[in-house]
Amino acid sequence: MRRMDLSNAPSSWDIERERLAALSGYAILDTPPEREYDVLTRVAAVALNVQSAAISLIDGHRQWFKSRHGIAFPETPRAIAFCSHALEARSALVVPDASQDARFRDNPLVTSEGGIRFYASVPLITSTGLCLGTLCVFDPAPRERLDDDERLILADLAQHATSLIEARCARRMTEIAGKVVDATSDAVLAADLDGRIVHWNAAAEQMFGRARHEAIGQDVSIIMPPRFAHGHAEAFGRAAQGGPTRLVGSFIELVAMRADGREFPIELSLARWGDPGGDQGFAAIVRDISARKSLEREREHAQKFLQSIVSNLPATLFVKDVETRRYLMINRAGETVMGRPASEIIGATDHELFPANAEASEDRDNEAIARRETYQTEAAFTRGDGETLHLRTMRTVIDGPDRPCQYLLGVSEDVTQIRRTEAEVLRLAHYDALTGLLNRSSYTDRLFRMVQAREPFAMLSIDLDRFKAVNDQFGHPGGDAVLIQVGDRLRAVIEGEGWIARIGGDEFIAVLAGERLRERAQMCADTLIEELAKPIVTGRGVCYIGASVGIVLMPQDGETTEQLRENVDLALYRAKHNGRACACFFNAEMDSSARDRRQIERDLREAVAAGDIGLVYQPLVAAQTGRITSAEALARWTHPAKGRIRPDIFIALAEECGIIDQLAEQLLRQACVDARNWPADVRVAVNLSPLQFASGKLVETVGAALAASGLCPSRLQLEVTEGLVIRDVERTFDQLEALRSLGIQILIDDFGVGYSSLSYFQRFPFDKVKLDRSFVEQVTQSNAARAIIQAVVGLGEQLGMAVVAEGVETHEQMEALVAMGCTHLQGYLFSRPLPVTTLCAMLESQRSVVPRQDSQAA
């Protein structure tokens, strides 16, 4: 006999669990009494002639009566419920006398007063085959079994009770569904198979702008744009005929139309409703996805914007897979830096793309992965075309959708230009930008370190001859071109022997270390002089310069940087004064006078800065009256250690060291201030240096001195020498004319001892001519001297110029000069140079004795 395979049959526990779940789903337990159920139990009691009847529902622990007739209690424990036996049997149960039935005789429902004797029940089996409970009847009196009619009545009533329960559940679900449909934010509408709308919820009213009564009965095409209506009607017709449609069971995106004609995007799904042979149609769930579409557009825009930023980011951005190290993404800047298109880079590794850089790059990747934090490096990167770049890269590991630390993100900045600029800045910090030689800072530093190390060396100070003339002739661009070639020639001579620096405009220093320093220094100096004497060809012409070289030896000529620099300057000074284009070693004895001169120069600078250069005044008298008409301002300097320094020495020194403009301006201002307190008919005469004309600021300086002092311009006389006029005739006379236009008188001094030219008087009308003292000294002894004086006096009479004889020391000289027609006299015979206070006293005394004359009389 074959056994049945029950391995897949559900267990009793599974059935019970399913039954209890269904009972809970009907939501009927513990509900209030309902008339249709009460009528049913009353009919059952009457029809079967029993005292009690009930619709009994069995849950996990009790028997609860949905309806009861003739029963005082609403429920019993499941353990004593007669219905539990019917539930298990799933068939009708009839007990004629429970007191005689072993199953029930001890049941408290039986043993209690008026307890159950007769019992009959039929299980309540749902359409799904699950038993919810029973329809039962019972009585306190025993009776025979039910006949067939009674059994049929009880079975029909049980079936009706089950139908009531299921109908109740269906109504409840319909109510819930209706509430959900009305409460949902999605539009829910239904149409019959002809496409007429039969349901329209509140959300549909809101979404489409049509009230329920306006939509019911209308064709569903009212929610569609006219251009789509025909196509939707055909699809709906096919679906109504049972044909295939993609609308049922899934959501699709469409365009809908509101009552006012506005279109908007929707998501729609259809579901069939109704029973075959009865009313049928389609229910639609419609969702307004305008906000979602807007969000999608915003996200798409944001994504495109982000992609645009990443793509156009000026820095390289790349992403690698941590495990494979293959590139997953590269932006445009990365393509440019790597010299390859993204199509070649993505999917490849550094070993495949850049073998020369791969190992170092992989080490940096490994470090970033190990750190699990942002890791910055800077390294050289050689592209495929051979160009080397400097890249500063920040790497960081980021999580991915598949695993943590899935990607390696890198951002690289091309700092090549920055590094080149830094290198150039560093080079400029140590090297001269024009010649490429070491600059003054580097020279000072190197010299200091060599001296500190007590390292013997020779230092050559090289000064270009006639370089100022090059600048004057060709301008500074031409001068720069010359300096560049000079640097090349110096480098060619010194290279291999030592190092060379440019420390000033046309000043260079070469330092030689090692053996035979004197011999090598002499040879280098001679070669430098020879090379720099050769023509220098520039775009502006051919230049001829030269060089003078001073040389010192360490430690023979000094053991400190200060000593060495001072002594090499002295050696250079002597080389220049020996006729230039020569080299001189430092000689302590020979250079002592130069040292003294340099010390005086330093002291002079300090004196000028402190305003210690003073003035004395030598009167000039009218030959006919003997009255003082003017006084010549003469500079005086008393050195604190050396005493009085002669004016021809310190004035010349001021011109050489470039402070003559400052000194002359001080003296001019002082002379104007002093003269302001003199009688109005007495003028002050001030000597001008030739270099004051070269600055181009003379007229401005004189005007400022007059304005500051308040002196009338007609009371100022300016004296110039023949030598000044010869240097630059046109430029000199232009400035003299500008001074004359201010009302100032112009005198020509020391006339007759230089390259005297009568054409000067034709070119410019001087107010006075001063005869040189050499003619005055010989006036009583030399016919030639007398002839020259008479010629100048005659020239003065013809041109309206006064003639001044200076250096008059005797009465004989005075009488001869007056007799020959000199208009003004000056010399020790009348007065030595006087302090301003003494001169003021003399002028006051003269004023009291001699009446003042009009200031224009002189």
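F118 stands opposite D139 of strand β6, a convenient place to enter this predicted model. The strand that pairs with β6 here is β5 (residues 118–125), and the two run antiparallel, joined by 8 bridges. Together β5 and β6 make a hairpin with 5 residues between the strands, and in the turn G129 takes a positive phi of about 90 degrees. A further partner of β6 is strand β1 (residues 52–58), which is also antiparallel to β6 and is held to it by 6 bridges. Within that pairing, S52 has F138 of β6 as its bridge partner. Strand β6 itself (residues 131–139) is mostly covered, with 9 of its 9 residues buried.

Further along the chain comes an open sheet of 5 strands, arranged in the order β8-β7-β11-β10-β9 with antiparallel pairing. The edges are taken by β8 (197–200) and β9 (252–257); each has a single partner strand, so one side of each is left without a neighbour in the sheet. On average, neighbouring strands of this sheet are turned by 35 degrees against each other, direction ignored. The single partner of the edge strand β9 can be followed in some detail: β9 pairs with strand β10 (residues 263–274) in the antiparallel sense over 6 bridges, and I252 is matched with L268 of β10 as its bridge partner. Helix α9 (residues 290–312) lies across β9, β10 and β11 (280–288), and its direction makes an angle of about 130 degrees with β10. In a regular strand, side chains alternate between the two faces of the sheet.

Attention now turns to the pockets. Rolling a probe the size of a water molecule over the atoms shows where empty space is left. The largest pocket has a volume of about 1400 Å³. Its lining counts 39 residues, and those nearest its centre are D463, E507, K576, E656 and C657. Helix α18 (residues 561–577) gives the largest share of this lining, 7 residues. By class, the lining of the largest pocket holds 20 charged, 15 nonpolar and 4 polar residues.

The second largest pocket has a volume of about 1000 Å³. It is lined by 36 residues, with E632, L634, P647, N687 and D749 closest to its centre. Several elements supply at least two lining residues each, among them strands β24 (614–622) and β25 (628–639) and helices α20 (647–656) and α21 (660–675). This lining divides into 17 nonpolar, 11 charged and 8 polar residues.

A few backbone details deserve a look of their own. Most residues other than glycine have a negative phi, and most peptide bonds are trans. Against this background, the peptide bond from M554 to P555 is cis, with omega near 10 degrees. P555 sits in the loop between β22 (546–554) and α18, the helix that gives the largest share of the lining of the largest pocket. A27, a residue other than glycine, has a positive phi near 50 degrees. A27 belongs to the loop between α1 (12–26) and α2 (35–47), and its relative accessibility of 27% makes it partly exposed. N49 likewise has a positive phi, near 55 degrees, without being a glycine. N49 is placed in the loop between α2 and β1 and is exposed, with a relative accessible area of 65%.

Technical notes:
Residues numbered from 1 in each chain as written. Predicted model: local features only at pLDDT ≥ 70, side-chain atom pairs only at ≥ 80, totals over all residues. Heavy atoms only, no water. Pairing = 2+ DSSP bridges. Helix = DSSP H or I, 4+ residues; strand = E, 2+ residues; numbered from the N terminus. Axes fitted to C-alpha atoms, helices over the stretch in contact; angles between N-to-C directions. Contact = heavy atoms within 4.5 Å. 1 Å grid on protein atoms, 1.4 Å probe; cavity = no way out; pocket = protein on both sides within 12 Å on 5 of 7 lines; lining within 4 Å. Points joined across faces, edges and corners; volume = space filled by probe spheres on them. Nonpolar A, V, L, I, M, F, W, Y, C, P; charged D, E, K, R; others polar. Buried < 20%, exposed > 50% of the residue type's maximum accessible area, 1.4 Å probe, protein only.
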